Amino acid sequence: MEDQDYTDISGRTISLECQNHSGFCREFTVSSPKVSIGKVMVYTCSVWLAAYTVFFFTQNTAVLSCAILVTLVGMMLHIHFVKVDHESVLIIGSVGIQVSSSYASGRETSTFIEMSRVKDIAINEAVYMHQIIYYLCILLKDPSTPDGVSRVVPLFQSSKPRLNCLVKVYKSCQEILSTC
Amino acid sequence: MVLKVFFPQCCNRAASGLLVGRWISSDGHDSAVVLAVIHYPFIPSQVKQYIQQMEARSKVELCVLGSWSLPKDGQEGMESFLRDLSTMFPQKPWLQISRQMGKTGFTCQLLNRDPTAQQKATKEDVKKDDEEENEEEKVIFVHYEQRKVMLSQLHPIRNGVTEPPTEPPSELRQVFHTVAHSQPLFFLDKYDDGPLKSTHWQTQGREGSIIVELLKQASVPVCAFLSWLLSVWTWTCSMRIFRLYPLRFLSSKLSTCAQLSSRTKHLRTLTSPKAAVNHTQFMRKAHMFVSFLVDVALGMLLVSWLYRDDHISMLANMLVPAADRVAKELEELLQWLMGAPAGLKMNRVLDQVLGRFFLYHIHLWISYIHLMSPFVEAILWYGGLSACLGLTFALSLLSDMVALLTFHIYCFYVYGARIYCLKIYGLSSLWRLFRGKKWNVLRQRVDSCSYDVDQLFIGTLLFTILLFLLPTTALYYLVFTLLRVVIMLFQGVIHLSVDFLNSFPLFAMGLRVCRPYRLAEGVRFRVLSDEPGTALHLLMEINPLKSSTVIQTYRTPTYSCYPKDSWAALVKKLFVGELIYPWTHNSTKADATKAD
């Protein structure tokens with residue numbers, strides 16, 4: 001188990017954890033930075049300030065209760081559906097690869113891809129406006145053509161680590177893929 | 001090469017015995033699915049006979065996979081006995097799995113029977129030297145919960161009947177298929193006095209419920225009776241007298257009749273004596289049943305509200321004055337159009353003709369409504385009873401009544417649209433003549449043409465007349481199209497809600513909420529932490545289907561089709577003056593296609 005500090009493409013600190021369960025089973029977890037208390041306070045204060053201004057002009061208390069409701073519901077939806085806490089890739093030789101992401105509220109979604117469908121793992125480049133972003137992806141086999149790729153499944157989409165982190169994960173995965 | 005052993009969680013603490021299951025081979029390597037453990041003491045010939053019986057009943061290739069040993073106190077010395085067992089069941093590779101009480105890890109030995117290989121590979125320790133790793137068999141134990149995997153259905157569903165599979169089924173699919181079809185193997189429980197004792201998820205005894213058994217017994221005569229009733233009803237509906245032209249045309253236009261025939265079809269499928277063959281048919285039948293029940297329940301709720309506190313007479317008293325008001329508003333609208341609407345100057349003569357024509361129409365309609373007014377309450381009373389058959393019936397009846405009550409607006413729209421359409425076509429043709437061109441019907445294009453002088457003269461005259469009459473007709477057309485569009489929107493909302501009630505997969509959503517393991521999108525693996533030095537143990541959990549996928553997969557096709565014109569085509573039709581019917585029923589075509 002190793003824990004190291006890397007940065008993502010925007011410069012925020014993320015951490016990578018590699019767990020070696022067995023010779024052919026490894027798990028990589030990338031944790032995103034948590035929700036910062038400062039940002040939460042800024043958003044809440046601005047929403048309530050706006051609500052107080054509207055209340056000052058209209059003298060309607062429904063505006064205030066609406067603002068409270070909106071803040072609460074918005075925060076709940078954000079931590080349940082939007083904010084990703086950590087993403088992990090579990091690679092088990094000759095069984096498959098499991099990609100899962102866990103949200104700040106504890107909800108976990110995962111997808112399992114069987115090894116028979118996996119062609120390879122690769123680091124791809126994507127050009128986005130003025131940036132070139134590297135991302136790790138799983139290439140899936142195409143049943144009709146023997147050498148074709150039917151789909152590309154990108155990994156670590158919310159945490160977006162930089163190339164050094166990706167290279168480490170890539171090398172580790174290739175060790176397992178080459179033996180099985 | 002890695003060997004995967006799918007081991008049921010219920011057998012983790014089973015006493016020593018033989019492992020029964022199936023070998024799955026895919027992509028060159030084998031996996032073993034363990035289904036049950038048969039305990040000592042046993043007679044090998046009886047075991048073979050039992051397995052052959054089970055194979056015949058379940059159509060799954062069962063065999064003895066190997067031996068399982070969990071030595072309890074005072075049972076040492078099993079090792080040699082276990083090795084000798086392998087000689088009694090030749091042919092396939094033999095697994096020897098053993099476990100110590102107090103330790104969570106299993107150990108596994110594989111005896112390969114292949115005469116060319118002649119290896120006895122052992123795997124006990126993960127951390128070996130690199131040289132030895134290439135020659136060993138690595139073993140992964142995948143623990144699964146037997147009952148959940150047995151009841152689960154892996155999506156996307158492959159029936160094999162509707163579309164032949166393009167590729168061989170994946171290993172996971174084969175595992176699910178094996179466990180689901182091995183139900184006869186799980187009937188032997190610990191209270192049976194037979195020669196064999198086995199451990200699986202149902203060893204503690206099969207559970208049953210008296211209510212469920214009684215319902216099952218009662219459902220047979222009830223279904224027979226209902227199917228007889230429905231056949232009588234279908235026979236009366238298909239009698240010759242109903243095939244006469246006006247009735248047939250009316251019944252194809254009314255949405256109540258379409259809903260009635262659709263429900264009849266559903267009930268006939270439900271009460272047919274054939275059991276559902278595969279998962280899709282079962283889900284469809286279950287959905288029809290649940291949606292019918294929910295529909296009737298909602299209808300009963302509506303009935304109980306309607307017939308309480310004299311709501312019906314209140315509605316009836318509101319209806320005739322409302323119709324009067326609508327007629328008065330329309331008359332005022334026409335008077336406004338006949339004057340100078342919005343400051344536009346209309347052609348006085350045409351204006352008066354069209355306005356008087358429509359006013360007379362309204363006068364006829366109002367007298368008709370006044371004629372019907374004493375019967376309105378009775379009609380509402382008996383119409384409300386139809387809600388007992390379901391909320392969808394009440395809604396379709398409402399939609400039909402609205403269509404009948406606003407029939408005059410529909411007539412106005414058709415007249416206005418026809419006149420406008422004629423005018424537009426005439427204008428476009430005469431415009432081409434004005435420019436010296438002609439429409440070539442053969443080649444479907446515009447060609448130049450030389451006209452005679454008198455043709456040109458009359459054409460230009462007609463063109464001018466039509467052009468200057470255009471604003472008047474265009475205004476009438478616009479007003480009546482808007483009214484018709486408002487009514488169509490209202491009817492459309494009702495149709496959409498009826499469609500929603502018909503097609504929403506309530507049963508599948510209920511399953512997804514209450515028993516999420518029944519509908520599986522895939523699996524999730526979790527590494528079980530165990531002692532270092534043993535094989536890898538994984539726990540396989542079922543990943544349930546997402547709600548959006550549930551709705552997409554299990555939506556029942558209904559008789560109504562969504563608007564077939566896109567927005568652009570609709571606007572074009574409105575501009576040219578063609579009649580628009582965005583919500584049509586293609587009941588006859590839909591029935592032929594959904595022949596499941």
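How much area do chain B and chain A bury between them? In this predicted model, the two chains bury about 1,600 Å² between them, and 64% of that area is on carbon and sulfur atoms. On the side of chain B, the residues that lose the most area to chain A are R524(B), F525(B) and L536(B), which together account for 30% of what that side buries. Counted by contacts, 19 residues of chain B meet 17 residues of chain A. The size of an interface is often given as the accessible area lost when the parts come together.

**The two chains**

Chain A contains 3 helices and 9 strands, and when it is read along the sequence these elements follow the pattern β-β-β-α-α-β-β-β-β-β-β-α. Its radius of gyration is 21 Å, whereas a compact globule of 180 residues would have a value near 16 Å. The C-alpha trace of chain A spans about 70 × 40 × 35 Å along its principal axes. The chain carries 14 positive and 15 negative charges, and the mean positions of these two groups are 5 Å apart.

Chain B, for its part, has 19 helices and 14 strands. The table sets out some values for each chain.

| Chain | Buried residues | Contacts joining residues at least 24 apart, among those at least 6 apart in sequence | Accessible surface | Carbon and sulfur part of the surface |
|---|---|---|---|---|
| Chain A | 36% of 180 residues | 42% | about 10,500 Å² | 61% |
| Chain B | 40% of 596 residues | 73% | about 34,800 Å² | 63% |

**Two buried residues**

A student who wishes to look inside chain A may begin with L166(A), which lies in helix α3, a helix made of residues 163-179. L166(A) counts as buried because its relative accessible area is 2%, and buried means under 20%. Leaving out residues up to four places away in sequence, L166(A) touches I123(A), Y134(A), Y135(A), L136(A), F156(A) and P161(A). By contrast with these contacts, S36(A) is 130 residues from L166(A) in sequence, and the C-alpha atoms of the two are 25 Å apart in space.

In chain B, a comparable starting point is F6(B), found in strand β1, which runs over residues 2-8. Is F6(B) buried or exposed? With a relative accessibility of 3%, F6(B) counts as buried. When residues up to four places away in sequence are not counted, the residues that F6(B) touches are S31(B), A32(B), V33(B), V34(B), V142(B), Y144(B), V175(B) and M540(B). One of these contacts, V175(B), is 169 residues from F6(B) along the chain, yet their C-alpha atoms are separated by 8.4 Å.

**Residues in loops**

Several loops also deserve a careful look. Most residues other than glycine have a negative phi, and most peptide bonds are trans. Against that background, M129(A) has a positive phi, near 55 degrees, although it is not a glycine. M129(A) sits in the loop of chain A between β7 (118-128) and β8 (131-141), and it is exposed, with a relative accessible area of 70%.

Chain B offers a further example in Q444(B), a residue other than glycine whose phi is positive and near 55 degrees. Q444(B) belongs to the loop between β11 (437-440) and β12 (445-448) of chain B. Its relative accessible area is 53%, so Q444(B) is exposed, the cut-off for that word being over 50%.

Which peptide bond of chain B is cis? The bond from H155(B) to P156(B) is cis, with omega near 0 degrees, and P156(B) has its place in the loop between β9 (153-154) and α5 (171-181) of chain B.

A last loop residue, L389(B), is found between α12 (376-385) and α13 (391-405) of chain B. L389(B) counts as partly exposed because its relative accessibility is 47%, which falls between the limits of 20% and 50%. Apart from neighbours within four places in sequence, L389(B) is in contact with F292(B) and V296(B). In addition, the C-alpha atoms of L389(B) and D295(B) are separated by 7.8 Å, while the two residues are 94 residues apart along the chain.

Conventions
Residues are numbered from 1 along each chain as its sequence is written. Chains are lettered from A and ligands numbered from 1 in the order in which they are written. This is a predicted model: local features need pLDDT of at least 70, side-chain atom pairs count only at pLDDT 80 or more; totals for chains, interfaces and linings use all residues. Side-chain values use heavy atoms; hydrogens and water are left out. Helices (H or I, at least four residues) and strands (E, at least two) are DSSP runs, numbered from the N terminus. The radius of gyration is taken over C-alpha atoms; the globule rule is 2.2 Å times the number of residues to the power 0.38. Buried means under 20% relative accessible area, exposed over 50%, partly exposed in between (1.4 Å probe, protein chains only). Contact means heavy atoms within 4.5 Å. Accessible areas come from the Shrake-Rupley method with a 1.4 Å probe; for residues, only the protein chains shown count as cover. Lys and Arg count as positive and Asp and Glu as negative; His and the chain ends are not counted. The place of a charge is taken as NZ of Lys, CZ of Arg, CG of Asp or CD of Glu. Buried area is the accessible area (1.4 Å probe) that two parts lose on being put together, summed over both.
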